[in-house]
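Me: Could you take a close look at one part of this model for me? I'd like to go through the barrel and whatever packs against it, with a bit of context around that.

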Amino acid sequence: MQVVKLQEPYDNNLIPEGPIVLCLGFFDGVHRGHQAVIREGKRRAEKLGAKLAIMTLDRYPGIVFNNEANKDFAYLSSERKKLELFERFGVDLCEKLYTLSQQDFVEKYIVSLHAVCAVAGSDYTYGKMPYANGGDMSHLEGYANGRFEVVKVSHMLDDGEKISSTRIRKALRKGNVKMAADLLGYSYETSGQVVHGFERGRKLGFPTLNLETKEPVMIPSEGVYAVFVRFEGEEKRYMGMASIGRNETFGNHFEKTIEINLLDFSDMVYGKNVFVEWIEFLRGMKKFSGAKDLIEQLNHDKERTRKILEKRN
């Protein structure tokens, strides 16, 4: 997959030759609705004998368009994950698109990219102040002026409700990783690096990987989950139970941590990068009266985790 990173003002020599069908969108999470746009783009590309390209952004559009200073915006997918999900499609990672007028956007980021067809969801917007300036799909044909085909993909529904990144975030805030996976079309995934912790789990007989997350990707709500873990550079997945919480059994002053007890695993892996697939919510966090009650609950969690994940392996 070829990746072209564009930043205003971009160099025209970066643009590959030949016609393309261009899928437009932010594609956060690359959920099932986004996948429908990509499938339609692929169908059109094959019909027209063109390459399939995807133009996306490396940050939330509102941060550029609305000058939002929210650096803590929680994404559903990192740039790395987006590219992985786009697989062999050509992806243009563009910045500052929303500082252009609608017509300038069309000229620079559709026509100049040799697009013969532009495909996007029905709610896609473009250019500066799109809602005030006609920067929606209903006006795109006018800006195109016959130079490229415009294809609008209708919303995909699940249980009568639109599949959207906002809906997936709401599910994750409630710990509903199964719903998130259903809307995404794959298990929700985050990444992190294994760092040193307090080693309480090891003393209790449940050694954990303590994860530090570096990507601005959304973490599910506090609770205990059944997860799969994969180490960077490896294909094997390990079964585990993950805890997102503040270890209130041991005090009320701890920061939120992500700790994962891997089943049938005891290697020292400090410093390694891991990818976590969040499979099922087991229970909410609870303050136990002591270590004995906590160990009893952890044994029960471990048994449930194994049953859930063995069915998925």
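Reply: Here is a walk through the barrel, then the helices, then one arginine.

Keep in mind that this is a predicted model. For context, the protein has 10 helices and 14 strands. Of its 313 residues, 51% count as buried. Contacts reach a long way along the chain: taking pairs at least 6 apart in sequence, 73% join residues at least 24 apart.

Now the barrel itself. Six strands close up in the order 9-10-13-12-11-14, with antiparallel pairing. On average, neighbouring strands of this sheet are turned by 45° against each other, ignoring direction. In general, strands of a sheet pair through backbone hydrogen bonds, in either a parallel or an antiparallel way.

Zoom in on one pair and you get strand 12 (residues 238–245) alongside strand 13 (residues 257–262), held in the antiparallel sense over six bridges. If you want a spot to click on, try methionine 241, whose bridge partner in strand 13 is asparagine 261.

Two helices are worth adding to the picture. Helix 8 (residues 177–184) packs on the sheet and touches strand 9 (188–195), strand 11 (223–231) and strand 14 (273–283). The direction of helix 8 makes about 120° with that of strand 14. Helix 10 (residues 291–312) lies across strand 11, strand 12 and strand 14, and runs at about 110° to strand 14. So strand 11 and strand 14 turn up in the contacts of helix 8 and also under helix 10.

Away from those two, have a look at helix 7 (residues 165–173), where arginine 169 sits. Arginine 169 is buried, because its relative accessible area is 10%, and the cut-off for buried is under 20%. The side chain of arginine 169 makes a polar contact of 2.4 Å with that of aspartate 28. Leaving aside residues up to four places away in sequence, arginine 169 touches Asp28, Phe73, Ala74, Leu76 and Met218. Asp28 therefore appears both in that contact list and as the polar partner.

One more helix shows how burial can be one-sided. In helix 4 (residues 102–111), the buried residues are Gln102, Phe105, Val106, Tyr109 and Ile110. They span an arc of only 110° around the axis, so they fall on the same side of helix 4.

As for the outside, the protein exposes about 16,100 Å², and 47% of that comes from carbon and sulfur atoms.

Terms used. Residues are numbered from 1 along each chain as its sequence is written. This is a predicted model: local features need pLDDT of at least 70, side-chain atom pairs count only at pLDDT 80 or more; totals for chains, interfaces and linings use all residues. Side-chain values use heavy atoms; hydrogens and water are left out. Two strands pair if DSSP finds at least two bridges between them. Helices (H or I, at least four residues) and strands (E, at least two) are DSSP runs, numbered from the N terminus. Axes are lines fitted to C-alpha atoms, for helices over the stretch in contact, and angles run from 0 to 180 degrees between N-to-C directions. Contact means heavy atoms within 4.5 Å. Buried means under 20% relative accessible area, exposed over 50%, partly exposed in between (1.4 Å probe, protein chains only). A polar contact is a pair of N or O atoms within 3.5 Å; within protein, one must be able to donate a hydrogen and the other to accept it, and residues adjacent in sequence count only if both atoms are side-chain atoms. The arc is that of the directions from the helix axis to the C-beta atoms. Accessible areas come from the Shrake-Rupley method with a 1.4 Å probe; for residues, only the protein chains shown count as cover.
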